[in-house]
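Opening a fresh page for this one. I want to see how a few helices pack and how the chains meet.

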6 protein chains.
Amino acid sequence: MRPSGRANDEMREVSIETGVNAHAEGSCLIRVGRTQVICTATLEEKAPSFLKGSGLGWVTAEYGMLPRATNTRMRREAKTSQGGRTQEIQRLIGRALRAGVDRVALGERQIVVDCDVIQADGGTRCASITGGWVALRLAVNRLMKAGLVTADPLVTPVSAVSCGIYAGQPVLDLDYPEDSEAGVDGNFILCGDRMVEVQMSAEGATFSRDEMGKLLDLAEAGCARLSEIQLEAAKNASV
Amino acid sequence: MRPSGRANDEMREVSIETGVNAHAEGSCLIRVGRTQVICTATLEEKAPSFLKGSGLGWVTAEYGMLPRATNTRMRREAKTSQGGRTQEIQRLIGRALRAGVDRVALGERQIVVDCDVIQADGGTRCASITGGWVALRLAVNRLMKAGLVTADPLVTPVSAVSCGIYAGQPVLDLDYPEDSEAGVDGNFILCGDRMVEVQMSAEGATFSRDEMGKLLDLAEAGCARLSEIQLEAAKNASV
Amino acid sequence: MRPSGRANDEMREVSIETGVNAHAEGSCLIRVGRTQVICTATLEEKAPSFLKGSGLGWVTAEYGMLPRATNTRMRREAKTSQGGRTQEIQRLIGRALRAGVDRVALGERQIVVDCDVIQADGGTRCASITGGWVALRLAVNRLMKAGLVTADPLVTPVSAVSCGIYAGQPVLDLDYPEDSEAGVDGNFILCGDRMVEVQMSAEGATFSRDEMGKLLDLAEAGCARLSEIQLEAAKNASV
Amino acid sequence: MRPSGRANDEMREVSIETGVNAHAEGSCLIRVGRTQVICTATLEEKAPSFLKGSGLGWVTAEYGMLPRATNTRMRREAKTSQGGRTQEIQRLIGRALRAGVDRVALGERQIVVDCDVIQADGGTRCASITGGWVALRLAVNRLMKAGLVTADPLVTPVSAVSCGIYAGQPVLDLDYPEDSEAGVDGNFILCGDRMVEVQMSAEGATFSRDEMGKLLDLAEAGCARLSEIQLEAAKNASV
Amino acid sequence: MRPSGRANDEMREVSIETGVNAHAEGSCLIRVGRTQVICTATLEEKAPSFLKGSGLGWVTAEYGMLPRATNTRMRREAKTSQGGRTQEIQRLIGRALRAGVDRVALGERQIVVDCDVIQADGGTRCASITGGWVALRLAVNRLMKAGLVTADPLVTPVSAVSCGIYAGQPVLDLDYPEDSEAGVDGNFILCGDRMVEVQMSAEGATFSRDEMGKLLDLAEAGCARLSEIQLEAAKNASV
Amino acid sequence: MRPSGRANDEMREVSIETGVNAHAEGSCLIRVGRTQVICTATLEEKAPSFLKGSGLGWVTAEYGMLPRATNTRMRREAKTSQGGRTQEIQRLIGRALRAGVDRVALGERQIVVDCDVIQADGGTRCASITGGWVALRLAVNRLMKAGLVTADPLVTPVSAVSCGIYAGQPVLDLDYPEDSEAGVDGNFILCGDRMVEVQMSAEGATFSRDEMGKLLDLAEAGCARLSEIQLEAAKNASV
């Protein structure tokens, strides 16, 4: 029995509200249960220097938490003082979003996706990827509307969900109470029916190949549902 | 004529929504026009070490901005890498809030008020103080409800507003377009009809004692109105 | 009764010795009672990058303390590790000095004013501004003598003094024992009979508009006297 | 055809030389092809503070590279300035080694495993885990010999290997030329026939569930072979 | 011919003014030609933790430069951001002063000697040692007067001078123009007729054993003269 | 009697193995007794900016220690967080190597020598200089073979050895047990029969000029022997 009373294959309620920031080229507030993340996409006409002259675009991400997003207040972090966990997460978000981008079609420019966790209850990196894609989608819409980009560089949504073995059972979309108990958990990032990243990890435990398969089944179903929500949110956005 | 069309003595629309954070002991989202700040208050039973054994409480503040709170994306800051402006602001917020606290009544504990700007359009430090007081009020309510504090350490709200000389006219509550043009501006922090802090400053300009008086008149009226909104918000909060 | 036995409207003895540094383009040692600050002005023909091509000059300041300037030894600070108080002070010094400079007349160059406190006994930021203006004056003299600047960019001295409410009385020019006791104090920066910056602040206290007026009266008299000393020191300097 | 001429399921030559450091409680030099890593294990009788009184042991890891371990000289990193990649790797090494440790049997003490890459040619994090386990094994042997630990906390070796899709083919044990070309690669960490961590990642690409299965097949065979080498090396060590 | 017109074995004029700081337990301003250093000694009743319970005292030093001590303005440094040169110098000063201290007689306490260069013209580390010893002497006098220390821990002054080969000639007490030209120079620290530290160094040059002997001869004469000045200054000090 | 049983004028066994790194332009592993240092030389066609257009080359060094090179594990250091000791050592290594280089013959390029201590038992800075010269020699050989440099910029080897007064006796080549006991020790860097750097230092002790002479005698004999080993190693190297 899960603490929330959800079925093993049941995700938390997910909503994506777009246009929450007056300045950003694309923005949304994603809620996955009590987890809330503000995602903004910033267009920069200048690509990073290592791409100069390549004609290729770049998407990168930064991840942060408000000090009281968590139950116990956390210390503020900056670009130059981020802990290992934060850096790991934002490298993951950037890599995941790039996997769903046609960088030739995007052209030599950069989009920075900021994912700031307003309230955390497990699954913040997955919510950041899922919401971050919507912010990215809206920023790209603006480029296309302005005629700066002609072929759409974003075909299929990139979405992410966590799964884990909780109380001996494979379960979908771990919330914080589950996440802190589960010896084995994983983050699954999909782009349609293809996988972008799979991170399964055990702290003080191990898992079998069969268990891995069951978590993948759950993740595929979860990400399919997330993709629908992403497309719906992006369709209804004003830009 | 002000860019927003407001009268010289007209504040922007102000709203304070309480209970926006599930973890914090007190929280609100204050909106002053397009400026939005999430304020959370965190209770810590341990006071800072310099107060050990004094029986006195402490209130401190931290201030941050999401990278895309502003029109141009800003670099993230941490506790150890905050720029001069950020430190100046958060020291001001802490000092202002403490001026309205009976530290004996609070007892030897600390309340940390985090003010995170979600969207900026001028006046973020004033909104942080005004909203921060409400978060503080709610956290203290919790202490009193739990019987940990008996005499109310917060009698009169602390509120803040900016005024300045824009296009030769003294105006109340500068928004960003006004703030970036005004040669003279000031932040006025009041606690009832008493002053807590007055900061008038000119960049490449000077002002007379008479002009100073006119800005004070505007500020007194503005803060009186803000206090009503603070008390109303706190009264309606569930805790 | 003030600890020093001074009358409420009596400043400490002030002296300004010029030419104390063989390398700097302008320098002085200002003594305000036991407070001693070495001020040096460094000419840089290159203005900061944000002014490139504007034709406007810039004046900036840095503030430091020798570790044993204070009664208890303090940790050394660097440009990258300055505490909030230090940054706040040096931003104030720079802003104050700029208010008295005609940046068009100065031309596209920068003057860096370093204020290093050799011995502290209250009022170090005010002494830094008052002494800093003299160092700046001498450096500008050198520019004018060399024909690099033709119209004088410095017309009226910028000077500063602190006032506060000590033992219930408004007093001029707080020394350290007064400063550490006063619940309300302020720094007043004037340029002739115009104000440049007013910072009134209460730690755990409040003040009325009437009290504010009395402190302003004291400050106006004090700054008038400081201006005479500044002009006298600059006139007698060898450059 | 692989650049090295190896078959798709062929690992590079692996050797583990023990006792290479006169000071460490356990040490080895692992060579995987041209990749060389010095692994040392340091016993600390004091566990980290979060375990105080728990009776549980801890294993942690640090990872570094000599500046010229790579083809282009790299900047030195410290504990406080490690880049995201370094932190990600050393968190992975620590987590992986802990998965194979019975922390109750180890008792309340800490073992720090340092993995320093002397020469890099792909697969340094996997070599660090595989060699790190041997250093850990030798340090634990010393504890057991001294009677400080009675039940062996290390039953099955933890070993790691990378696999990826190179030129359309699933291949085992990527060297640097393959790693820099492969769009999809993964690190597989096993403890006997159980999995400890699976990290599959695509940079600008995606992969199917079927491809994932083929890489897992390769990894299982590779880690089985590595375990034999680890046990052999540990058996022959003098301590 | 030396730029200053001095004879090869002629030191610059040296003066030591004591009691220049109202807060420090010992202080002086040493002038060696145009080089000026403020030295303060701070008594701390607590010795560093590595000496706890040993009964031994400690003397340590910090070295700094005002930004405009040099001809070109230098960046400020802090304890945590000191460059290699600064750290090398202050380690040297501390080591040199300790060599002349009977740490048993001093007892388990610490004296921190701060050497801040107000104006630099070569030889700042030597002036810091020579002046630092006087500040230390005065602080120890205070300990003895208070009866906290009974046997004098400072018997013979520690003094320092630089020598080098300038224009092919061995010369005493290099000033900045000589120092920047000399291929070979050295710092010689003596305690009476015994040596404490000898640092001879060549940048892009070498020296013979015979040349080394000639520089030592000059240094011995120079330090003997400095010792007289140190003792005279300490004798005349009010504490 | 020395702890190792060596005669007072007896060095430890020294070996220099070249070509230990597949990437570096020159490399060796130097062993002096139990002290082991990997030295690599990296060619950079771009000289530091302060040499731009001068036609002169540059040699610089970095020094590091693996955390467990020492008996007690040490914290990792980075370029930006190096302690004073590390910076002092690497500045010394760079200065010493440059003294033996004809920078005109080298031409406007830079060689970075990294000295990483794998195992420490006293004398690591001297071993770094001696081994660093061999790595430098091999890198220069490569430049000459490629015709980029025509006149040999390295004529005489630079080598280094420590000497000290142990148990009242002058001894050659201190190992760690001696180094930690000796009140007086020195590092002597020679280039043929000329001296490059002499650093004699006493911690809590002093030394006479006569003792200094005896240490110099030992050092001259030691460095002569080291030079033979350096030349032999370089001669036998494959490049």
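My entries below go from helix packing to chain interfaces and then to salt bridges.

**Entry 1: status of the model**

I note up front that this is a predicted model, and I read everything below with that in mind.

**Entry 2: H3 against H5 in chain A**

I started with helix H3 of chain A, residues 124-145, and its packing on helix H5 of chain A, residues 209-236. Their axes are 10 Å apart and the angle is about 30°. Angles under 35 degrees count as roughly parallel, so H3(A) is roughly parallel to H5(A). I looked up the hand too: H3(A) passes H5(A) in a right-handed crossing.

Which residues make the contact? From H3(A) I get A:Ile129, A:Thr130, A:Trp133, A:Val134, A:Arg137 and A:Leu138. H5(A) answers with A:Leu226, A:Gln230, A:Leu231 and A:Ala234. Sorted by class, that contact has 7 nonpolar, 2 polar and 1 charged residues.

**Entry 3: H1 against H3 in chain A**

Next I checked the other packing partner on my list, helix H1 of chain A, residues 84-99. H1(A) and H3(A) have axes 10 Å apart and an angle of about 40°. That angle makes H1(A) oblique to H3(A). The crossing is right-handed here as well.

On the H1(A) side I wrote down A:Arg85, A:Ile89, A:Leu92, A:Ile93, A:Ala96 and A:Leu97. They meet A:Thr124, A:Arg125, A:Ser128, A:Ile129, A:Gly132, A:Trp133 and A:Leu136 in H3(A). The class count for H1(A) with H3(A) is 8 nonpolar, 3 polar and 2 charged residues. I flagged A:Ile129 and A:Trp133, since both names turn up in the H5(A) contact and in the H1(A) contact.

**Entry 4: chain D with chain A**

Moving on to interfaces, I find 34 residues from chain D and 34 residues from chain A in contact. The two chains bury about 3,000 Å² between them, with 44% of it on carbon and sulfur atoms. Which residues of chain D lose the most area to chain A? D:Glu88, D:Met195 and D:Arg209 do, and together they make up 22% of what that side buries.

I counted salt bridges across this interface and got 10. One I looked at joins the side chains of D:Arg209 and A:Asp217, at 2.7 Å from N to O. D:Arg209 therefore earns two mentions on this page, as it is also in the list of residues losing the most area.

**Entry 5: chain B with chain C**

Here 34 residues of chain B touch 34 residues of chain C. The buried area is about 3,000 Å², and carbon and sulfur atoms give 43% of it. How many salt bridges are there between chain B and chain C? The count is 10.

I pulled up two of the pairs. B:Glu88 forms a salt bridge with C:Arg91, the closest N and O atoms being 2.8 Å apart. The pair crosses between chains, from helix H1 of chain B to helix H1 of chain C, each spanning residues 84-99. Swapping the chain letters, C:Glu88 forms a salt bridge with B:Arg91, again with the closest N and O atoms 2.8 Å apart.

**Entry 6: chains that miss each other, and a total**

I also checked two pairs of chains that do not touch. Chain B and chain E have their nearest C-alpha atoms 13 Å apart. For chain C and chain F the nearest C-alpha atoms are 13 Å apart too.

Last thing I noted: over all chains, the structure holds 144 salt bridges.

Notes:
Residues are numbered from 1 along each chain as its sequence is written. Chains are lettered from A and ligands numbered from 1 in the order in which they are written. This is a predicted model: local features need pLDDT of at least 70, side-chain atom pairs count only at pLDDT 80 or more; totals for chains, interfaces and linings use all residues. Side-chain values use heavy atoms; hydrogens and water are left out. Axes are lines fitted to C-alpha atoms, for helices over the stretch in contact, and angles run from 0 to 180 degrees between N-to-C directions. Helices (H or I, at least four residues) and strands (E, at least two) are DSSP runs, numbered from the N terminus. Angles under 35 degrees count as roughly parallel, over 145 as roughly antiparallel, 65 to 115 as roughly perpendicular and the rest as oblique. A crossing is left-handed if the near helix is turned anticlockwise from the far one by less than a right angle, and right-handed if clockwise. Contact means heavy atoms within 4.5 Å. Ala, Val, Leu, Ile, Met, Phe, Trp, Tyr, Cys and Pro count as nonpolar, Asp, Glu, Lys and Arg as charged, and the others, Gly among them, as polar. Buried area is the accessible area (1.4 Å probe) that two parts lose on being put together, summed over both. A salt bridge is a side-chain nitrogen of Lys or Arg within 4 Å of a carboxyl oxygen of Asp or Glu.
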